[in-house]
Amino acid sequence: MSLLQRRIKRLAIFSTLGMLLLLLGGALVTKTGSGDGCGSSWPLCHGQFIPNEINAELLIEFSHRLVTGIVSILVLILVVLTWKHMPNIPERKFLSILAIAFILIQSFIGALTVLFGQSDFFLALHFGISLISFAGVLLLTLLIFEVDKKFSVQSVHFDRRLKRHTIGVTVYSLVVIYSGALVRHMEASLICPSWPLCNNSVVGLPQNLYEWAQMGHRLAAGVLFLWIFYIMILSIKHYRNQPVLYYGWVLAFILVLLQATTGALTIFTQLNLFIALLHTLFISCLFGLLSFMNFLVYRIHQNNNRHATRPINFNYKID
C-alpha cells in the first residue's frame, strides 16, 4: 500500500468519525439548551474570538462551531484527494457533492438560527441534513477502503420486493428523524412522562401540540421498528447465503431496537444526557447503514442497465 493510500484512508476515517462527532455535538447543544451560548453573533462568540466570560453553555456552543469548522476542512480535503486520485470511481462526484453541500446547508441553518432565530419546525431540519452529509462521507470512506479489498461486497442480489422495502424504509426513516428532532426543539420530550402511552391513557387523544408531536414521533418510530423487523425476517428467510444482506438487516434491527430502548429510557431517566446522546448515536448509525443498503440497490441497478454479469464490488484503483 502506498503512502498516499494510507493517508487518504486515515483522512477518510477521521472525516467519518468527525461527522459522527458533529452529529453528537449538535444534539448536545440542543439537549443542554446551549444554542444561545454565544449570543446572537456568528461565527464569533459575543463578537469575540475568545470571549472574556466563559460558561458551560458558551463552551458547548463554541466547541460545536469549532468542530464543525475542523470537520468541514477535513471533508473538503478528502473530497479534493478523492477527485484527484480516484478518477475511476463514478460515484465519487455525487457523494462528494452530497457531503460538502449538506455540511454547508446545515452550517447555514445554524448561522440563521443564531442571527435571526427560527421556528422549531425549521430547526428540526438541521439534524436530518447533517445525517445526509454523514452518509455521504461514510459511503465515500467505504469506497476508499475497497481499493485493497479491506471492505468487499460480492455476489449481492436483491429481488424487487427487498429493493422497494430498502428504499421505502430509508425515506421513511427521515420522517422519523425529523419528528424526533421536532420534539427535541419544541422541548416536548417530557410532555408525556409515561411510555409508550401518554400519561398512561389508553383511549385519550393528545391534548395539545406538544403531546401530538411527542406521540406522533412515538407512533412513527414504532412503525419504523416493525418495518425493519419485517425486512430482517425476509432476509433471514431468503438471504442467508448473502452475508451482506443477512447480517446487514440483522444489524439494522439491533440498532433500531437500541434506538427504541434508549428512547424509552430517555423518558424514564428524565432526559439523562448520556442516554439521550446514545439515542442520537444509534439513529445516526442506523441511517448510515440504511444509506449503504440503498447504495447497493443503486449499484445493482447500474449493473443491470449495463447487462453486467460480474458480482457487485467496489474495486477501484488509487492513482
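## Helix α2 and H64

Helices here are DSSP runs of H or I with at least four residues, numbered from the N terminus. On that basis, H64 sits in helix α2, which covers residues 56–85. The model is predicted.

Is H64 buried or exposed? Its relative accessibility is 14%. Buried means under 20%, so H64 counts as buried. Beyond its neighbours within four places in sequence, H64 makes contact with L22, G25, G26 and V29.

H64 has company in α2. The buried residues of this helix are L58, E61, H64, R65, T68, V71, S72, V75, L78, V79, T82 and H85. The helix has 30 residues. From first C-alpha to last, α2 reaches 43 Å, close to the 44 Å expected at 1.5 Å a residue. N55 acts at the start of α2: a side-chain oxygen of N55 comes within 3.3 Å of the backbone nitrogen of E57.

## Helix α7

Helix α7 spans residues 209–238 and has 30 residues. Its C-alpha reach, first to last, is 43 Å. The expected value at 1.5 Å a residue is 44 Å, and the model is close to it.

Which residue caps the N-terminal end of α7? N208 does. One of its side-chain oxygens lies 3.1 Å from the backbone nitrogen of Y210.

## Cysteines

How many disulfides does the structure hold? There is one. It joins C192 to C198, with an S to S distance of 2.0 Å. Both C192 and C198 are buried. The torsion about their S-S bond is about -80°, so the disulfide is left-handed.

C285 is another cysteine to check. Its relative accessibility is 31%. The partly exposed class runs between the buried limit of 20% and the exposed limit of 50%, so C285 counts as partly exposed.

## The whole chain

The protein chain has nine helices and zero strands. Read from the N terminus, its elements run α-α-α-α-α-α-α-α-α.

Of the 319 residues in the protein chain, 49% are buried. The chain exposes about 16,000 Å². Carbon and sulfur atoms supply 68% of that area.

What share of contacts joins residues at least 24 apart? Among contacts between residues at least 6 apart in sequence, the share is 76%.

Definitions and conventions:
Residues numbered from 1 in each chain as written. Predicted model: local features only at pLDDT ≥ 70, side-chain atom pairs only at ≥ 80, totals over all residues. Heavy atoms only, no water. Helix = DSSP H or I, 4+ residues; strand = E, 2+ residues; numbered from the N terminus. Expected span 1.5 Å × (residues − 1). Polar contact = N/O pair within 3.5 Å; in protein donor to acceptor, adjacent residues only side chain to side chain. Buried < 20%, exposed > 50% of the residue type's maximum accessible area, 1.4 Å probe, protein only. Contact = heavy atoms within 4.5 Å. Areas by Shrake-Rupley, 256 points an atom, 1.4 Å probe, with all protein chains shown as cover. Disulfide = S-S within 2.5 Å.
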